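Open the model in your viewer and set it to a cartoon view. We will make a few selections together, one stop at a time.

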Amino acid sequence: MYQLFFVWICGLLFSRSHEQVLLKESFNYPNGQLPTHFWSEGCPGVIRNGRLFIDADTVGFRASSVWLDQELKGNLSIEFDVFLLSSSDDANNVNTFFMYRDPSGNSLKQSADLRSDGLYSRYHKLQGYIFTNVTNGDTSNIRYRFRENAGFRLVEQQQMKRADRNSPVHIKITKKANRIRYWEDGHKIFDKTLTGRDKLYEHGLFGFRTWHTALEIDNLIIKKI
């Protein structure tokens with residue numbers, strides 16, 4: 001029994017040793033503009049009270065994308081907390097871009113001016129994955145969609161009861177080889193192995209996306225797994 005316990009402990013330590021923290025971001029900066037390794041399109045993201053704050057509820061374009069200016073590749077784990085502050089038409093929209101890039105080979109930051117209004121359709125011409133997380137007026141459910149771009153192709157969709165949602169909302173995304181998983185508050189929403197017509201993107205940027213929602217984001221952790 002002791003030998004089995006020793007083997008289990010060694011296996012656990014070995015698996016953890018292969019995790020490398022690529023970014024640990026607490027947004028602990030003075031109130032004001034984003035730090036230089038982030039940029040926003042549409043409604044501006046700013047730092048407020050030690051969190052990333054985005055007001056896309058009632059002002060401006062009512063849509064916002066905030067990008068991390070760091071290319072990611074390989075097997076990854078991404079986690080963060082979202083504080084939903086307001087959504088006048090009950091959108092409560094928490095979207096993410098994952099492994100995103102410009103098919104032309106140019107950097108997304110170079111072409112940011114072309115998406116200055118944050119219009120959603122502009123991102124459908126790029127390459128990568130979108131995870132959609134929205135209530136959109138449904139008083140009972142949260143709707144989730146996993147899409148692939150270019151082309152805005154639906155890969156999978158799910159729903160969860162709104163009563164199961166915590167505050168803050170904790171999101172986790174992992175990619176290991178061609179298997180992509182997505183959790184909210186510990187509930188596994190997607191567990192998809194990409195095959196056939198699915199496109200496998202191995203590198204790109206990560207970004208936050210919201211629409212008709214004011215929210216705060218904190219405790220972003222990205223690991224190589």
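**Stop one: a strand and its neighbours**

Strands E8 and E9 pair in the antiparallel sense, joined over 7 bridges. Keep in mind as you look around that this is a predicted model.

Select residues 141-149 to pick out E9, then show Asn133 and Tyr144 as sticks: Tyr144 in E9 is the bridge partner of Asn133. Next, follow the chain between the two strands. E8 and E9 form a hairpin with 6 residues between them, and Asn136, in the turn, has a positive phi of about 55 degrees.

Now select residues 95-101, which are strand E7. E7 runs antiparallel to E8, and 4 bridges join them. To see one bridge pair, show Phe97 together with Ile130, its partner in E8.

With both neighbours displayed, select E8 itself, residues 127-134. Is this strand largely enclosed or largely open? Of its 8 residues, 7 are buried, so the rest of the structure largely encloses E8.

**Stop two: an aspartate in a loop**

Move on to Asp57, which sits in the loop between strand E4 (51-55) and strand E5 (63-73). Is Asp57 buried or exposed? Its relative accessibility is 5%, so Asp57 counts as buried, the cut-off being under 20%.

What does Asp57 touch? Leaving out residues up to four places away in sequence, select Arg62, Ser86, Ser87, Ser88, His212, Thr213 and Ala214 to see its contacts. Finally, zoom in on Ser88: its backbone nitrogen lies 2.9 Å from a polar atom of the Asp57 side chain.

Technical notes:
Residues numbered from 1 in each chain as written. Predicted model: local features only at pLDDT ≥ 70, side-chain atom pairs only at ≥ 80, totals over all residues. Heavy atoms only, no water. Buried < 20%, exposed > 50% of the residue type's maximum accessible area, 1.4 Å probe, protein only. Pairing = 2+ DSSP bridges. Polar contact = N/O pair within 3.5 Å; in protein donor to acceptor, adjacent residues only side chain to side chain. Contact = heavy atoms within 4.5 Å.
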